[in-house]
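Visitor: I'd love a close look at one aromatic side chain, and then a walk outwards from there. Could you keep it friendly for someone in their first year?

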Amino acid sequence: MGDANGFGGEVLVGDCVELMARLPAASVDLVFADPPYNLQLNGELTRPDNSRVDGVDDEWDKFAGFDDYDGFTRAWLEAARRLLKPNGTLWVIGSYHNIYRVGAILQDLGYWVLNDIVWRKVNPMPNFRGRRFTNAHETLLWCARSREGRYTFNYQAMKSLNEGVQMRSDWFIPLCGGAERLKREDGRKAHPTQKPEALLHRILMSSTNPGDLILDPFFGTGTTGAVAKRLGRRCVGIERDADYAQLAQERIAAIVPAATDLVISEARREEPRIPFGALIERGLLQPGEVLFDQRQRWTARVRADGTVISAGSRGSIHKVGAEVQGAPACNGWTFWYVERKGQAIPIDLLRQQVRGEMG
């Protein structure tokens, strides 16, 4: 599966279930799957001016019926689960045509759903016939191999990617377009359902680490492989269409990986817990000293046992802070201040001083 210190790089051509059966069990950190959606289209889709919409009408998306599609889905999900490491995860994307059937089957097989993500398309295709709502989203299911499985989630990286705000489960990302969209010589799309690299960037950053091995059993034109190489992950793609596989290989070969120190998803280091009483023990606060809020509306006195007391409340800095405000909760570290050298400082600065002493 390629150099363990670099990008795997293989694009295997053939049936995904057959080829997955040849790969070693428990060898993959993440599976990203963009399977056929079984769109069940009847006839061509046209715009109001009668021009043809370049949608999905390929043979790979056609099934005899739901039973046929369910059997296909069960087979590839079973094969993928065998390949996942105990702490590995699966991402699968779909639309209303198939995602509910996929979800039920993967739960039957023992996968454990961690999140469903809604990919909200900035620029969805309009509903030209005007008989339904515009389909403006697709759904991703993120699953652990089992309920007991430990898994990678780079929470801090996702928060950083979202400008310091916790990442939500609705992702507002444009469709693949512009220079990123692969075209044939006649100018038509090379693949009808090419996914945007931004979507795969977020997925791989969230739930893999540099050097991890990713499997994409429906590789298409290689978006997963291109993003994986750029981010220092390894990838094996399986694609039954030789033309798509060739496009994918050419696309990935042109990718220049980022420097290793630019793609590491570092979790914020767990800081040692400092109880409020430690500030009193170290002499940074004295029993009887007065704490106050930033606007000096409320006060509380420090007690030797690490509690504080206000007019009608006593207890922890958090409990008393909440009660004086009539609030359900309070972060006492940022709420309470103390005077030092004529200036009001949050007691959290004293906590950081203790942390610094602890190294």
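Visitor: What does Tyr155 count as, buried or partly exposed, and what is its relative accessibility?

Guide: Happy to show you around, and please keep in mind that this is a predicted model. Tyr155 counts as partly exposed, because its relative accessibility is 31%. That value falls between the two cut-offs, since buried means under 20% and exposed means over 50%. In the chain, Tyr155 belongs to helix α4, which covers residues 155-161. Tyr155 also has company on the surface: with Tyr151 and Phe153 it makes up a nonpolar patch, and the three together offer about 290 Å² of accessible area.

Now let's step out to the sheets. One open sheet has 8 strands in the order β1-β8-β7-β2-β3-β5-β4-β6, and its pairing is mixed. At its edges stand β1 (10-13) and β6 (170-173), each pairing on one side only. If you ignore direction, neighbouring strands here are turned against each other by 20 degrees on average. What holds such strands together? Strands of a sheet pair through backbone hydrogen bonds, in either the parallel or the antiparallel sense.

Zoom in on β4 and β5, which pair in the antiparallel sense over 8 bridges. Within this pairing, Asp116 stands opposite Leu141 in β5. Helix α5 packs on the sheet and touches β2 (28-33), β3 (84-94), β4, β5, β6 and β7 (213-216), while its direction makes about 140 degrees with that of β6. Another helix, α7 (residues 242-253), lies across β1 and β8 and runs at about 175 degrees to β1.

Strand β8 (residues 234-239) is also where you find Arg234. Arg234 counts as buried, because its relative accessibility is 12%. Try finding Val28 too: Arg234 and Val28 are 206 residues apart along the chain, while their C-alpha atoms are separated by 9.9 Å.

Next, let's look at pairs of charged side chains. The structure holds 12 salt bridges. One of them joins the side chains of Lys121 and Glu138, at 2.8 Å from N to O. Lys121 sits in strand β4 (residues 112-121) and Glu138 in strand β5 (residues 137-144), so this pair ties together parts that are 17 residues apart in sequence. Both partners are tucked away: Lys121 is buried, with a relative accessible area of 14%, and Glu138 counts as buried at 8% relative accessibility.

A second salt bridge brings together the side chains of Arg230 and Glu197, at 3.0 Å from N to O. This pair links distant parts of the chain, with Arg230 in helix α6 (residues 223-230) and Glu197 in helix α5 (residues 197-207), 33 residues apart. Here the two partners get separate labels: Arg230 counts as partly exposed at 29% relative accessibility, whereas Glu197 is buried, with a relative accessible area of 17%.

A third salt bridge runs between Glu357 and Arg282, whose closest N and O atoms are 3.1 Å apart. Glu357 lies in helix α11 and Arg282 in the loop between α8 (276-281) and β9, so to speak a link between distant parts of the chain, 75 residues apart. Arg282 counts as partly exposed, with 42% relative accessibility. Elsewhere, salt bridges that share partners join Glu197, Arg230 and Arg251 into one network.

Helix α11 leads us to another sheet. This open sheet has 6 strands in the order β12-β11-β10-β9-β13-β14, with antiparallel pairing. Strands β12 (314-315) and β14 (343-346) stand at the edges with a single partner strand each, so one side of each has no neighbour in the sheet. Further in, strand β9 (residues 290-293) runs antiparallel to strand β13 (residues 336-340), and 2 bridges join them. In that pairing, Asp293 has Trp336 in β13 as its bridge partner. Helix α11 (residues 347-357) lies across β9, β13 and β14, running at about 60 degrees to β14.

Our last stop is Ser316, in the loop between β12 and α9 (317-325). Like Tyr155, which counts as partly exposed, Ser316 is partly exposed, with a relative accessible area of 33%. Its C-alpha atom is separated by 8.2 Å from that of Phe276, although Ser316 and Phe276 are 40 residues apart along the chain.

Notes: Residues are numbered from 1 along each chain as its sequence is written. This is a predicted model: local features need pLDDT of at least 70, side-chain atom pairs count only at pLDDT 80 or more; totals for chains, interfaces and linings use all residues. Side-chain values use heavy atoms; hydrogens and water are left out. Two strands pair if DSSP finds at least two bridges between them. Helices (H or I, at least four residues) and strands (E, at least two) are DSSP runs, numbered from the N terminus. Contact means heavy atoms within 4.5 Å. Axes are lines fitted to C-alpha atoms, for helices over the stretch in contact, and angles run from 0 to 180 degrees between N-to-C directions. Patches are made of residues with over 30% relative accessible area and no salt bridge: like charges are joined within 9 Å, nonpolar side chains (Val, Leu, Ile, Met, Phe, Trp, Tyr) within 5 Å. Accessible areas come from the Shrake-Rupley method with a 1.4 Å probe; for residues, only the protein chains shown count as cover. A salt bridge is a side-chain nitrogen of Lys or Arg within 4 Å of a carboxyl oxygen of Asp or Glu. Buried means under 20% relative accessible area, exposed over 50%, partly exposed in between (1.4 Å probe, protein chains only).
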